[in-house]
Amino acid sequence: MERLRKYGFVAGFLAVPLTLYTVFVISPYAQAFQLSLTSWNGYSSIVRYVGLDNFGRLFGDEVFWRALRNHGILLLALPLTTIVIALFLAFLLNLGGGTRGAGMRGVWGSGFYRVVFFFPQVLAVAVVGVLFQAVYRPDEDGVINGVLARFGVAPVGWLTEPDLALWSIIAVMVWQAVGFYVVLFSAGMAAIPKDYFEAAALDGANRVRLFFSITLPLLRDTVQVGWIYLGIAAFDGFALIQVLAGEKGEPDGATTILPITIYNTAFSYQKVGYASAMGVALFFLTVTFAVLTLRTTRRERVEL
Amino acid sequence: MAPRTTAPRRMDRPRPGVLSGLSHVALAVWALLIIVPLLWTFLASFKNNTEIFGDPLQLPGALRLDSWGRAWDKAHIGQYMLNTVIVVFFGTAGTMLFGSMAAYVLARYRFVGSRLVYYYFVAGLAFPVFLALGPLFFVVRQFGLLNSHVGLVLVYIAYSLPFTVFFLAAFFRTLPAAVAEAALIDGASHTRTFFQIMVPMARPGLVSITIFNVLGQWNQYLLPLVLLAGAPDKWVLTQGIARISTMAGYEADWPGLFAALSITILPVMVVYIIFQRQIQSGLGSGALK
């Protein structure tokens, strides 16, 4: 009887979440894999299976390759820049305040800096996108170009120069992301026992040495988590690029990334089957990225 | 006693060295990079078009509040904000209710297939939303929930479940079992034990993940873009802002656009400043899975 009561309870608690999750998450994913093998256009009642043709077409699709190339740049530049800046700022916040006796302390006002740095993280990406449209305006009314004009520099087309546009967008992503990783790394640094720094400082290590010999090796796991998170965030760059650079990834596809291409292929060009194939490719890329990151950054752990 | 306590305290003060000064410069530069664009937006909402297209470093000539009114009524920011609050409220409430129920059962009860169900949920973390986007549209349409808040709320709940279940299951496992067992022996039902004993005990974890979900759903752009495309009166803030930004180009109402941005940013900023400690630890614990 008690057993029955337990199973009834378990089933009752799992029923709704499982149903919702299966219907709205798992079934679309399963359908995406299935649709990637068809040439379905989204409305016709006939679904024609074309085998792996979609994937074959991907290889010859110039837009796909350009999106993939931009994705690669994003995947390297975003985590690298963000982590370097965040580590630097976190180190300054936690240990930049000079030595007190042999102990290390944070700079004055580190609480304030932390609050400010983190704030962009809570802003919606769409809001940030609209905000930076004004910052990046190509004429001299833009915030950056207006300041540059003071120094006699001609206006720069931050979002209109094909060579510059992607980097301008990456800069916005870095701007938004850094604060989060400052907080993350600060928490990691706070967990490092103070004795380590004190001992090294007594032995005459300077701050640069402290950072590279103590902080960085002991933060390895946290940095690795950060890298994977940023890599996944790079795949989510859709909203920002859509707002900032327009649906087609202006100028002339220079900022197209895979999600943008998928969205347009499915909803503007009605090629649902082909878009699903791109989605499946994106999925395997994400998994490959995560596995590769874990593999290459895995080393023997430093135990605290 | 008095001099003895003050003397070491003075020693405790950091000696302002060169490095400390340089640290401050670097930190202040980054702080300015964040504050200036936000402040500029806020000030631009009081400017008129000539001032906005004039010197970007100039302060507004007068405190013009009409753009805020225009943004609220004509650009429907008020409507968008209300929609967002409704969707996020029910989305997060549903996520927390169903997520904690599933997580609790998976963490604390042994039954056939419990590991399987757990991994079934967690697998959702590995898939990019983009992969599901096309089919999701058709699934929601089949249920007749396209262009409705109910549909969006259900989809939000479904997509928030993997992480919520993952996080909360780990949290429930860390709680002591003795209290729940005592309650069961005293004759409380499983359901009652969950709501009256386990949920209060799990409060810190629940708060973290609630903040995580509120922020995630408040900022969601992609799902409403696809699922509410046909009903502009039901749009959420992120969609609305993107649309106002496009419209501002046609109607040349730039102060209105910046007022709309300010209206969107201000409540978030107030909530952030009040809860910044919990938000930082909530999001941080999210990343340290």
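Reader: Why are α9(B) and α10(B) called roughly antiparallel to each other?

Author: In this predicted model, the axes of helix α9 (residues 178–185) and helix α10 (residues 190–201) of chain B cross at roughly 165 degrees and come within 10 Å. Angles over 145 degrees count as roughly antiparallel, so α9(B) and α10(B) get that name. As for handedness, α9(B) passes α10(B) in a right-handed crossing.

Reader: Which residues of α9(B) and α10(B) meet?

Author: On the α9(B) side they are B:V179, B:A180, B:A183 and B:L184, and on the α10(B) side B:T193, B:I197, B:M198 and B:M201. Sorted by class, that contact has seven nonpolar residues, one polar and no charged ones.

Reader: Now chain A. What makes α7(A) and α11(A) oblique to each other?

Author: Start with the angle: helix α7 (residues 162–190) and helix α11 (residues 238–245) of chain A cross at roughly 125 degrees, with axes that come within 11 Å. Roughly perpendicular covers 65 to 115 degrees, and roughly antiparallel starts over 145. The value of roughly 125 degrees fits neither range, and therefore α7(A) and α11(A) are oblique. The crossing of α7(A) with α11(A) is right-handed.

Reader: What classes of residue make up the contact of α7(A) with α11(A)?

Author: The names come first: A:A165, A:I169, A:V172 and A:M173 from α7(A), with A:L240, A:I241, A:L244 and A:A245 from α11(A). By class they are eight nonpolar, no polar and no charged.

Reader: Why does B:M269 count as partly exposed?

Author: B:M269 sits in helix α14 (residues 254–287) of chain B. A residue needs 20 or more C-beta neighbours within 10 Å to be buried, and 12 or fewer to be exposed. B:M269 has 16 inside 10 Å, so it counts as partly exposed. There is also a sequence gap to look at: B:M269 and B:I34 are 235 residues apart along the chain, and their C-alpha atoms are separated by 13 Å.

Reader: What is said about the phi of B:H76?

Author: The phi of B:H76 is positive, about 65 degrees, although this residue is not a glycine. You'll find B:H76 in the loop between α4 (66–73) and α5 of chain B. Its 19 C-beta neighbours inside 10 Å fall short of the 20 needed for buried, so B:H76 counts as partly exposed.

Reader: And where does B:N147 lie?

Author: B:N147 is in the loop between α7 (129–142) and α8 (149–174) of chain B. B:N147 has a positive phi too, near 60 degrees, and is a residue other than glycine. With 18 C-beta neighbours inside 10 Å, B:N147 counts as partly exposed.

Reader: How many helices and strands does chain B have?

Author: Chain B has 14 helices and zero strands. Chain A, for its part, has 13 helices and two strands. Of the 289 residues of chain B, 42% count as buried, while in chain A buried residues make up 44% of 304.

Reader: How many residues of chain B are in contact with chain A?

Author: 73 residues of chain B are in contact with 77 residues of chain A. On the chain B side, helix α2 (residues 18–44) gives the most, with 14 residues. That side divides into 53 nonpolar, 17 polar and three charged residues.

Reader: What pLDDT does chain B average, and which of its elements has the lowest mean?

Author: Chain B averages 83, and 89% of its residues score at least 70. Among its elements, helix α1 (residues 2–12) has the lowest mean pLDDT, at 41, and helix α5 (residues 77–108) the highest, at 94. Over residues 1–15 of chain B, pLDDT stays under 50. Where pLDDT is low, the predicted coordinates should not be read in detail.

Reader: Which element of chain A has the lowest mean pLDDT?

Author: That is strand β2 (residues 103–104) of chain A, with 49, whereas helix α1 (residues 2–35) of chain A has the highest, 90. Residues 300–304 of chain A have a pLDDT below 50. Chain A has a mean of 80, and 90% of its residues reach 70 or more. The model itself scores ipTM 0.82 and pTM 0.82.

Key
Residues numbered from 1 in each chain as written. Chains lettered and ligands numbered in written order. Predicted model: local features only at pLDDT ≥ 70, side-chain atom pairs only at ≥ 80, totals over all residues. Axes fitted to C-alpha atoms, helices over the stretch in contact; angles between N-to-C directions. Helix = DSSP H or I, 4+ residues; strand = E, 2+ residues; numbered from the N terminus. Parallel < 35°, antiparallel > 145°, perpendicular 65-115°, else oblique. Left-handed = near helix turned anticlockwise from the far one by under 90°. Contact = placed C-beta atoms within 7 Å. Nonpolar A, V, L, I, M, F, W, Y, C, P; charged D, E, K, R; others polar. pLDDT = per-residue confidence, 0-100.
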